[in-house]
Amino acid sequence: MRNSMDYIYTAGDQKILIEAEQNGTRRSVIEQYIRCRKQQGMTQAELAKRAGLPRSNITRFESGSYNPSLELLVRIAAALGMSLQMQLVTKE
């Protein structure tokens, strides 16, 4: 049974499940990180070493079984020689 906290209400009384929204966003972010790591020819072990993290954290993150903190996302981005940008966008 869902309660009112499970939904984000948007214009026109359209209901969007928060969990589905989070999962889609998380998967998109993970895919971007994996793509960047592979484009640089870097292994998970190399990335973990550069980020100062256990390899298991990178593996769990990339598999989607870990809900990453903002700190983790920033550390991994820095280890890739990148910076993290977040933005809100209007839904179509």
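Guide: A polar contact is a pair of N or O atoms within 3.5 Å; within protein, one must be able to donate a hydrogen and the other to accept it. Keep that in mind as we walk through this predicted model.

Visitor: Thanks! How far apart are the side chains of Arg 26 and Asn 23 in their polar contact?
Guide: Arg 26 belongs to helix H1, which covers residues 18–39. The cut-off for a polar contact is 3.5 Å. The side chains of Arg 26 and Asn 23 pass that test, being joined at 2.9 Å.

Visitor: Which residues does Arg 26 touch beyond its neighbours within four places in sequence?
Guide: Contact here asks for heavy atoms within 4.5 Å. With those sequence neighbours set aside, the partners of Arg 26 are Gly 64, Tyr 66, Asn 67 and Pro 68.

Visitor: Where does Asn 67 sit, and is Asn 67 buried or exposed?
Guide: Asn 67 is placed in the loop between helix H3 (55–63) and H4. Its side chain also shares a polar contact of 3.3 Å with that of Arg 26. Because its relative accessible area is 56%, and the class begins over 50%, Asn 67 counts as exposed.

Visitor: What separates the C-alpha atoms of Asn 67 and Asn 23 in space?
Guide: Along the chain, these two are 44 residues apart. Each has a polar contact with the side chain of Arg 26, Asn 23 on one hand and Asn 67 on the other. From C-alpha to C-alpha, the separation of Asn 67 and Asn 23 is 9.6 Å.

Visitor: Let's turn to the largest pocket. Which helix gives the most to its lining?
Guide: The pocket holds about 960 Å³ of space, and 27 residues line it. Thr 25, Val 29, Gln 85, Met 86 and Gln 87 lie nearest its centre. Both H1 and helix H4 (70–79) supply at least two lining residues. The most, 10 residues, come from H1.

Visitor: How many residues of that lining are charged?
Guide: Nonpolar residues number 15 in the lining of the largest pocket, and polar ones 9. The charged residues there come to 3.

Visitor: Why is Val 74 classed as partly exposed?
Guide: Val 74 is found in helix H4, and beyond its neighbours within four places in sequence, Val 74 contacts Tyr 33 and Leu 84. The partly exposed class runs between 20% and 50% relative accessible area. Val 74 falls in this class because its relative accessible area is 42%.

Visitor: What are the elements of the chain, in order from the N terminus?
Guide: The chain has 4 helices and 2 strands. Buried residues account for 26% of its 92 residues. Starting at the N terminus, the elements read β-β-α-α-α-α.

Visitor: Where in the chain is confidence lowest?
Guide: The average pLDDT of the chain is 87, with 83% of residues scoring at least 70. Helix H2 (residues 44–51) has the highest confidence, at 98. Where pLDDT is low, the predicted coordinates should not be read in detail. With a mean of 61, the lowest confidence is in strand E1 (residues 7–9).

Terms used: Residues numbered from 1 in each chain as written. Predicted model: local features only at pLDDT ≥ 70, side-chain atom pairs only at ≥ 80, totals over all residues. Heavy atoms only, no water. pLDDT = per-residue confidence, 0-100. 1 Å grid on protein atoms, 1.4 Å probe; cavity = no way out; pocket = protein on both sides within 12 Å on 5 of 7 lines; lining within 4 Å. Points joined across faces, edges and corners; volume = space filled by probe spheres on them. Nonpolar A, V, L, I, M, F, W, Y, C, P; charged D, E, K, R; others polar. Buried < 20%, exposed > 50% of the residue type's maximum accessible area, 1.4 Å probe, protein only.
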